[in-house]
Amino acid sequence: MKNPACYLSGYSPCDAKLSGDHLISKSLLSQLGDNAVYIEGLPWCKGLKRVGVNSITGRVLCRLHNSQLSDFDSSASLLFRCLHQLPKRIVETEQREECVVNGLNVERWMLKTAATLLASGNATRNGQVIRSSLNPTWPSILMRKADFSEGCGLFLERPACGTTEMMPEFTIRLNWMDEECVGVTTSFLGFVFHLHTKRVESGSDYLYRPGGMIFQRGNVEKVMAIHYGSAQCGQAPIIKV
Ligand SMILES: [Zn+2]
């Protein structure tokens, strides 16, 4: 069946019930605050607003499609947990530790977040709410039937050494080319990631499909590796902490 409120309804069968899908993954919001977080920039909040984690939902995916995309949330949550925890672990134990994050899932998590913001009327451009249909290529990418175009996907802004903000602040912004959403920028603890769905010229400060990050203090290293299936990955910058 097709659930008309689900933005993947034209692609594969739906469940009759809508999920309480979060605009931003609940597992990520929970890292920012136990039950409530401060948010701003959504059309319905004026200035900084404290809201319960469970109230930031979109209801634009049926339960079946939402469950089919849940791996993306898990991978993004692991990525942000590593960025948060590994620099702290370095002072707790000298043992080398490594975690591995699925970068293909992180790319699709950024795309899913953009799709959810657009479909739920929570996307803005220059302060104006944008209600636009999804780019027709997005559903097949989300359902893992297609990959991003050549040269598109995840980019990391080369991080400045030794700077990791201690406040767990998270931002996300949709990027536009004319009327079309062509990507997402997200930052967490000062680390900035971009998803490009259209190929753009990027400077040397942008690492395409970074191979991870290495947190280093003296001889102690904590490693977050990011892999992209059979696709090649770029270097993993070293962050001195
Ligand atoms: Zn559905």
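This briefing describes two sheets, the helices that pack against them, and a few single residues.

The model is a predicted one. One sheet is open and has 5 strands in the order β7-β8-β9-β6-β10, with antiparallel pairing, while another open sheet is formed by 4 strands in the order β3-β12-β11-β13, where the pairing is mixed. Helix α4 lies across β6, β7, β8 and β9, and α4 also packs on the other sheet, where it touches β3 and β12.

**Helix α4**

- Helix α4 covers residues 103–119, and its 17 residues should span 24 Å at 1.5 Å a residue, which agrees with the 24 Å between its end C-alpha atoms.
- Of the 17 residues of α4, 17 are buried, so the helix is largely enclosed by the rest of the structure; for this count, a residue is buried if 20 or more other C-beta atoms lie within 10 Å of its own.
- Just after α4 comes G121, a residue that takes a positive phi of about 75°.

**How α3 and α4 meet**

- Two packed helices are described by the angle between their axes and the distance between the axes.
- For helix α3, which covers residues 70–92, and α4, the axes come within 8 Å and cross at roughly 110°.
- That angle makes α3 roughly perpendicular to α4, because angles of 65 to 115 degrees count as roughly perpendicular.
- On the α3 side the meeting residues are D71, F72, D73, S75, A76 and L79, and on the α4 side they are N105, V106, R108, W109 and K112.
- Sorted by class, this contact of α3 with α4 has 5 nonpolar, 2 polar and 4 charged residues.

**The sheet of 5 strands**

- Strands of a sheet pair through backbone hydrogen bonds, either parallel or antiparallel.
- The edges of this sheet are β7 (170–177) and β10, and each has a single partner strand, so one side of each is left without a neighbour in the sheet.
- Neighbouring strands of this sheet are turned against each other by 25° on average, with direction ignored.
- Strand β6, residues 153–157, has 4 of its 5 residues buried, so this strand is largely enclosed by the rest of the structure.
- With strand β9 (residues 191–196), β6 pairs in the antiparallel sense over 4 bridges; L154 stands opposite L195 in β9, and the bridge partner of G153 in β9 is H196.
- Strand β10 (residues 206–208) is joined to β6 by 3 bridges, and these two strands run antiparallel; here L156 has L207 in β10 as its bridge partner.
- Where helix α4 lies across β6, β7, β8 (180–188) and β9, it runs at about 115° to β8.

**The sheet of 4 strands**

- The edge strands of the mixed sheet are β3 (97–102) and β13 (238–240), each of which pairs on one side only.
- From one strand to the next, the twist of this sheet averages 15°.
- Strand β11 (residues 212–217) and strand β12 (residues 220–227) run antiparallel and are joined by 6 bridges, and the bridge partner of M213 is M224 in β12.
- Helix α3 lies across β3, β11 and β12 and runs at about 160° to β3, whereas the direction of α4, which touches β3 and β12, makes about 55° with that of β3.

**Single residues to look at**

- H65 is found in helix α2, residues 63–68, and H65 is buried, with 25 other C-beta atoms within 10 Å.
- Although H65 and S9 are 56 residues apart in sequence, their C-alpha atoms are 8.5 Å apart in space.
- Leaving aside neighbours within four places in sequence, H65 is in contact with C6, L8 and C14.
- R144 is not a glycine, yet it has a positive phi of about 65°; R144 is found in the loop between α5 (138–142) and β6, and it is partly exposed, with 14 other C-beta atoms within 10 Å.
- R209 is also not a glycine and has a positive phi of about 40°; R209 is placed in the loop between β10 and β11, and it is buried, with 20 other C-beta atoms within 10 Å.

Note on methods
Residues numbered from 1 in each chain as written. Predicted model: local features only at pLDDT ≥ 70, side-chain atom pairs only at ≥ 80, totals over all residues. Expected span 1.5 Å × (residues − 1). Buried ≥ 20, exposed ≤ 12 C-beta atoms within 10 Å, placed from the backbone. Axes fitted to C-alpha atoms, helices over the stretch in contact; angles between N-to-C directions. Parallel < 35°, antiparallel > 145°, perpendicular 65-115°, else oblique. Contact = placed C-beta atoms within 7 Å. Nonpolar A, V, L, I, M, F, W, Y, C, P; charged D, E, K, R; others polar. Pairing = 2+ DSSP bridges.
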